[in-house]
Every structure is written in structure tokens, then in C-alpha cells.
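This note is intended for a colleague who is meeting the structure for the first time. Please read the points below alongside the sequence and the model.

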Amino acid sequence: MIRASRTGIWPGVSCLVLLSLDLLAAAERTKAQDSSQNPLASDAAAVKAGESTYEANCSLCHGAKGKGGRAPRLADSDDIRDMKDQEIFAVIQKGVPDTEMAGFPLSQHQISDLVAFIRNLNASAYQQNVSGDFASGQKLFYGAAGCASCHIIAGKGGLVGPDLSNIGAERSLAQLTEALRNPGAGATPRYRHVRALTRLGQSIDGIMKNDSTYSIQILDLNGNYHLLLKSDLQEIIYFKEPLMPATTLAEKDFQNLLAYLSRQVVQLGANQQTEPEERIY
Ligand code: HEC
Ligand code: HEC
């Protein structure tokens, strides 16, 4: 039983390790994104031309606006974000062997336009023009909306939810909106919401980090790890509902929060207006 409250020493260390790994991963992702950015993606004429070529040749399989269907989605796709322009270009030109994706006899120009269109379908929130007031959004995040109790941005906040320091680069505006309105829809098991009740009546609520035959590890809402022996527990509740509550802000506040989140990228100088304090990385 004591085990439940005895988890104070090494958890602190592992929190720090987790945190710095997260930040490194985020920085890597931003770098990857930079190197694959198509200057054409913001070229409105190329995007438009690409769109009509897409509708004529691709939407049958990849769906309207790249939402997917018979073939994988091309919009808001992590796979596409990980591909370089040349790789997308090559897939369109040569196809993918042994699949329905055949090469297309289109001109270089047409294929470039298609790449521009596909990139545009994957534009991050940061690359989009998001209305709303940044400063009010920041205030909500750290204040009334309660986000910072679970999420870190730029080294400040809670550890239970994902680090949002690079969220503007990682997600599109549509994905951010969805994450707030309908939390957990795309959640991985990394964020499984659980509650453990000990035999002594203590209740520990948080995210399941590990679950084995004899023990369970929970990261609680204050960012503390608990390694609990199942023999010490009365009950473990595995919630279907996500830990994150759906955001019920008024429309204007919601937009301000989006404006703030969409500006969060891990890139020195990129979010200067956001940062009253020094960044820690
Ligand atoms: C007959 C159906 C079909 C048509 C038409 C088609 N594709 Fe595909 N496409 C596929 C399939 C199936 C795959 C997945 C191949 C695989 O398994 O790797 C794919 C894969 C891709 C990929 C790689 C996606 C990824 O996540 O790796 C891109 C990019 C792509 N298609 C672009 C296009 C474009 C642009 C067009 C129009 C010029 C087009 N496709 C037309 C069926 C199609
Ligand atoms: C009680 C903890 C908690 C609170 C409060 C909370 N979140 Fe979350 N949030 C999570 C968890 C956990 C996830 C991971 C998915 C899930 O299980 O819901 C998440 C996911 C997200 C995501 C998606 C991240 C991604 O990688 O796609 C965004 C964006 C987000 N939260 C923003 C917010 C904002 C903005 C607020 C305040 C309005 C907020 N969250 C409040 C716990 C919380």
C-alpha cells in the first residue's frame, strides 16, 4: 500500500527525461517539416491548378479534398508530412509497384502543381492564417480554460497530456479544432484514462503508463508517477471517455485559443510574440 505514495523519488527523474525526449522529438519533427516544405504550397495559382488535375485524376480513389476512400487519405496525413516533395513527385510519376497506384503520364508542371495541392492539404495550423487574439488565448490557456494543468507549452504547465510546444507545426487547424471539440478521438493508448482505488480507499486518477499482470503505473493529474501493485488495489477503472474534457468556451474565446495554439512551434524566434520568458531549449 505504502508503495502508492512512495513513488516520489525516481518519478521526478523520469519526468524530466520524458520531457526532454519529447522536446527533442518535437524539434526533430520541425526540422523534418522544414526540409520538406514546398515553396509552391503557398503559391495559390499552383494549388488551384493542382486541385483541378487532382479532381480529374485522383479523387476517384483518394476522395474529395484528399479525405481518403479506396486509397489512403492525402490530407492531414502524417505519411505525407514525412515525405519529401521529390518522393511525392516520384509516386505520382512512377506509381507504387504492385498496388493500384499506377504512374501518371502528366507533365512535370502538372505534377508539381499536384504536389503543391497535396502540400496545401497538409498545411499546419502555423502555416494558416488563423483569426483571433493571441494574447487572450494565451491567458485562457494558462488561466480560466484550465489547459495548463495538463499540458506544457514552452516548459510551463502539466505533464499528463501531450506537450503542445510544437502543436502549431504538427496539426492542421481542422485537427486542432477537432482535438478541442472532440477530445481523444485520435488518442493513442498512451493516453488511456484510468482510476485506481486502493484497499485503503485512496483514489488515483490519471493516465495509464504501464499495465502488467501484477502492477499498474499511473501518471496522476499532478504529474506524479505511481507504481501500484494490483494486490494492493480494490479496483481499476478503465474509462472509455478521454481524460481531456471537451472545450465549452464561447465562440470568441475558442477562436482566441486557436490563435494561440496555432502559433506554437519549436523554432527559435518563430514565436517571439508568444514568449515573455526565455525558452528552455
Ligand atoms: C486507382 C486508384 C488510384 C488513383 C486513381 C490514384 N491513386 Fe494514389 N494511391 C492509390 C493507392 C491504393 C495508394 C497506396 C499504395 C500503397 O499501398 O503504398 C496510393 C498512394 C498514393 C500516394 C502515397 C500516399 C502515402 O501515404 O504513401 C500519393 C502521394 C498518391 N497516391 C497520389 C496520387 C495522385 C496525386 C493521384 C492522381 C494523379 C493518384 N494518387 C491517383 C490509388 C490511387
Ligand atoms: C485533465 C487533463 C487535460 C485538460 C484539462 C486538457 N487536456 Fe488537452 N489533452 C489531454 C490528454 C490526455 C490528451 C491526449 C488525448 C486524450 O486522451 O484526450 C489531450 C489532447 C489535446 C490536444 C491534441 C494533441 C495532439 O497531439 O493532437 C490538444 C490540441 C489539446 N489537448 C489542447 C487542450 C487545450 C487547449 C485545453 C484547454 C482548453 C486542454 N487541452 C485541456 C489532457 C487534458
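The points that follow go from the overall fold to a pair of helices and then to the two ligands.

1. Overall make-up. The model is a predicted one. The protein contains 10 helices and 7 strands. It has 281 residues, of which 31% are buried. Among contacts with a separation of 6 or more, 67% join residues that are 24 or more positions apart.

2. Packing of H7 and H10. Helix H7, residues 134-142, packs with H10 at an angle of about 95°, and the two axes lie 7 Å apart. Since angles of 65 to 115 degrees count as roughly perpendicular, H7 and H10 are therefore roughly perpendicular to each other. On the H7 side the contact is formed by Phe134, Ser136, Gly137, Gln138, Leu140 and Phe141; H10 contributes Asp253, Asn256, Leu257, Ala259 and Tyr260. Sorted by class, the residues of this contact are 6 nonpolar, 4 polar and 1 charged.

3. The buried face of H7. Which residues of H7 are buried? They are Gly137, Gln138, Leu140 and Phe141. Viewed down the axis of H7, its buried residues fall within an arc of 160°, so they line one face of the helix. The buried residues of H7 pack against H10 and also against strand S1 (152-153).

4. Surroundings of ligand 1. There are 21 residues around ligand 1, and those that come nearest are Cys58, Cys61, Ala71, Asp79 and Met101. Three helices each give two or more residues to this shell: H3 (59-62), H4 (78-82) and H5 (85-94). By class, the shell around ligand 1 consists of 14 nonpolar, 4 polar and 3 charged residues.

5. Surroundings of ligand 2. Around ligand 2 there are 26 residues. Cys147, Cys150, Gly161, Gly184 and Pro242 come nearest to this ligand. At least two residues of the shell are supplied by each of helix H9 (173-181) and helix H10 (251-262). The largest share, 3 residues, comes from H9. The shell around ligand 2 divides into 19 nonpolar, 6 polar and 1 charged residues.

6. A link between the points. Helix H10 deserves a second look in the display. H10 packs with H7, and H10 also supplies residues to the shell around ligand 2.

Note on methods. Residues are numbered from 1 along each chain as its sequence is written. Chains are lettered from A and ligands numbered from 1 in the order in which they are written. This is a predicted model: local features need pLDDT of at least 70, side-chain atom pairs count only at pLDDT 80 or more; totals for chains, interfaces and linings use all residues. A residue is near a molecule or strand if its C-beta atom, placed from the backbone, lies within 6 Å of it. Helices (H or I, at least four residues) and strands (E, at least two) are DSSP runs, numbered from the N terminus. Ala, Val, Leu, Ile, Met, Phe, Trp, Tyr, Cys and Pro count as nonpolar, Asp, Glu, Lys and Arg as charged, and the others, Gly among them, as polar. A residue is buried if 20 or more other C-beta atoms lie within 10 Å of its own, exposed if 12 or fewer, and partly exposed in between; C-beta atoms are placed from the backbone. Two residues are in contact if their C-beta atoms, placed from the backbone, lie within 7 Å. Axes are lines fitted to C-alpha atoms, for helices over the stretch in contact, and angles run from 0 to 180 degrees between N-to-C directions. Angles under 35 degrees count as roughly parallel, over 145 as roughly antiparallel, 65 to 115 as roughly perpendicular and the rest as oblique. The arc is that of the directions from the helix axis to the C-beta atoms.
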